[in-house]
Amino acid sequence: MKRFGVLILMLSTAGLVTLAAQSRRIFTNPRPEPHFKALFPNAAGFSALGGTPLHYKVYGEDPKANPGAPPIGFIFWTTDLVPNERAYHGPIHFLVGMDMRGIIQGVVVDYNSEPYGYFSVDPPQFVAQFKNKSIRDPFRVGGDIQAVSRASITINGAARALRDASRTMAKTFLSPDQVQ
Amino acid sequence: MIGLVLSVVEGQPADPWGFEEVAVETWADILGPQYLDLALLAAFLVLAWVSFTRKSVPLKLVTFALAIGYMGFAKSYLISITNIFSVLDWNWPVPQYNLAWYLFFGFTVVSTILWGRLYCGRICAYGALTQTLDVVLPARWRVEVPRPIEKRASLIKFGVLAVVLGYYVLTHNLLIYQYVEPFWMFGLFGTTAMWVGLGALLTATLFVRNLYCRFLCPVGATLGLMSYLTVFRIKRWSECNTCKMCQKTCQWGAIEGPKILVTECVRCDDCERLYADTQKCPHWRIIEYQSRKIQVLPLQPIR
């Protein structure tokens, strides 16, 4: 009987703390624009967030001066493209720039809550290895993506998110013969 | 061309991209990269469990060595306060790609409910490290904490747990873990301040046995609270009401007269080995003495 009481007490305490924790959900950064120039240094303008799946279009000419100009690439959040992908502690918020040939122009880690993020996805070497990477590459941890021992759940989740998000964007907006 | 026509006929256009992840993943694809990890982890858990059920000291020492080497330095499989944050946020790794981690986490939860803080006693790499220190270091270095202080100090870990959970709920800053637990040491990445703090903690542990586990660990506190549910508890004899032998042997301060404090007990087997010792435990001595009386007295007249 006493054990039952302890169980009820523990469950209700855990429930209350969980509710309190839920009240402070982390949302994707609504103002990622300062990162855009790092992903596409030569871009002249960017669209607003829109489309299905959600993305920003990148233009080589100012879209206000030349509204008909085609985009030269896309910027998107992995959290929008593969919302169910998670690493060790929830999704890592990656901002990805990809050109029209399916080549990743750059990756920004905008937010992560990985306990071992500080030696896995936070160091600039992590995102550097995705620059100029084709979406046809295997994205295999320990192969073309450097493995980090003791942080494998983080690295594997990150690699899957970047691979699947970029490939989903390519399948929706590019054609196979555009992509090398 | 024929392939294209065929696929159109079947109503499903062939996938022109040919990405490998497009194909439906089979269990063989999912298990392929994981089976070695799974097998090694399962082998370790079986060893830990056998060493526990056999009450074997040599097997326990082997378990410690593997806990430090494999679970700690090689894999960093440790239950951390961040896992408790994960439960609160309901943020979990993707199950099918992290089967070994789920086996590890599941074993910890289930074993705690069945037997108590088994995890602390032999799976945790840090606990294994300090318990190994305890075996290796000369006994004369030890500073025995007086019982009243020990009892109060063992409450600190619950305070640490409450403060850290409160801090996390308010700030959602998970990196607080670096300052309340030393488990990151097995990842070998830390700032100078973290290493200095760890050095101080380990130095103190040279003199006060299992200092962190007994007094400070918020994960131990959580598992200790869960241990109130323990199904298979340590047996006590009626003689335990007066005998203090096990209480004096217990290096965890988990025995108080006839009572075992489930929040402190890590199922180290020290007292259970004594209970089983027919030469030392008063329970068996009394039975032996009484049986001798019964056998010897009625037989005398015949002799």
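**Figure 1. Where chain A meets chain B in this predicted model.** In the contact region, 42 residues of chain A are in contact with 49 residues of chain B. The size of an interface is often given as the accessible area lost when the parts come together. For chain A and chain B, the area buried between them is about 3,800 Å², and 59% of it is on carbon and sulfur atoms. Two helices of chain A, α1 (2-22) and α5 (152-173), each supply at least two residues of the side of chain A that touches chain B, and α1(A) gives the most to that side, with ten residues. When the residues of this side of chain A are divided by character, 22 are nonpolar, seven are polar and 13 are charged. Between the two chains there are eight residue pairs in polar contact, counted where both residues have pLDDT 80 or more, while the rule finds zero salt bridges across the interface of chain A and chain B.

**Figure 2. The elements of chain A and the open sheet.** Chain A has five helices and six strands, and from the N terminus on its elements follow the order α-α-β-β-β-α-β-β-α-β-α. Its C-alpha trace spans about 75 × 40 × 25 Å along the principal axes. The six strands of chain A form an open sheet in the order β1-β2-β3-β4-β5-β6, with antiparallel pairing. Because β1 and β6 of chain A stand at the edges and have a single partner strand each, one side of each is left without a neighbour in the sheet.

**Figure 3. The β1 edge of the sheet and an aromatic pair.** At this edge, β1(A) and β2(A) run antiparallel and are joined by two bridges, with A:F46 standing opposite A:V58 in β2(A). Over all chains, the structure holds 30 aromatic pairs; one of them is formed by A:F36 and A:F46, whose rings are tilted, with 5.0 Å from centre to centre and 55° between the planes. Since A:F36 lies in helix α2 (residues 36-39) of chain A and A:F46 lies in strand β1 (residues 45-46) of chain A, this pair ties together parts that are ten residues apart in sequence.

**Figure 4. The hairpin of β4 and β5 in chain A, and the strand beyond.** Strand β4 (residues 93-99) of chain A pairs with strand β5 (residues 103-111) of chain A in the antiparallel sense, over six bridges, and in β5(A) the residue A:I104 is the bridge partner of A:M98. The hairpin has three residues between the strands, and in this hairpin A:G102 takes a positive phi near 75°. β5(A) also pairs in the antiparallel sense with strand β6 (residues 133-134) of chain A, here over two bridges. The residue A:I104 appears again in this second pairing, where its bridge partner in β6(A) is A:K133.

**Figure 5. Two loop details of the backbone, one in each chain.** In chain A, a cis peptide bond joins A:T52 and A:P53, with omega of about -10°, and A:P53 has its place in the loop between β1 and β2 (56-59) of chain A. In chain B, the residue B:K55 has a positive phi of about 55° although it is not a glycine, and B:K55 lies in the loop between α3 (35-54) and α4 (57-74) of chain B.

Technical notes
Residues numbered from 1 in each chain as written. Chains lettered and ligands numbered in written order. Predicted model: local features only at pLDDT ≥ 70, side-chain atom pairs only at ≥ 80, totals over all residues. Heavy atoms only, no water. Pairing = 2+ DSSP bridges. Helix = DSSP H or I, 4+ residues; strand = E, 2+ residues; numbered from the N terminus. Contact = heavy atoms within 4.5 Å. Buried area = accessible area lost by both parts, 1.4 Å probe. Salt bridge = Lys/Arg side-chain N within 4 Å of Asp/Glu carboxyl O. Polar contact = N/O pair within 3.5 Å; in protein donor to acceptor, adjacent residues only side chain to side chain. Nonpolar A, V, L, I, M, F, W, Y, C, P; charged D, E, K, R; others polar. Phe/Tyr/Trp six-rings, centres within 6.5 Å; stacked < 30°, edge-to-face > 60°.
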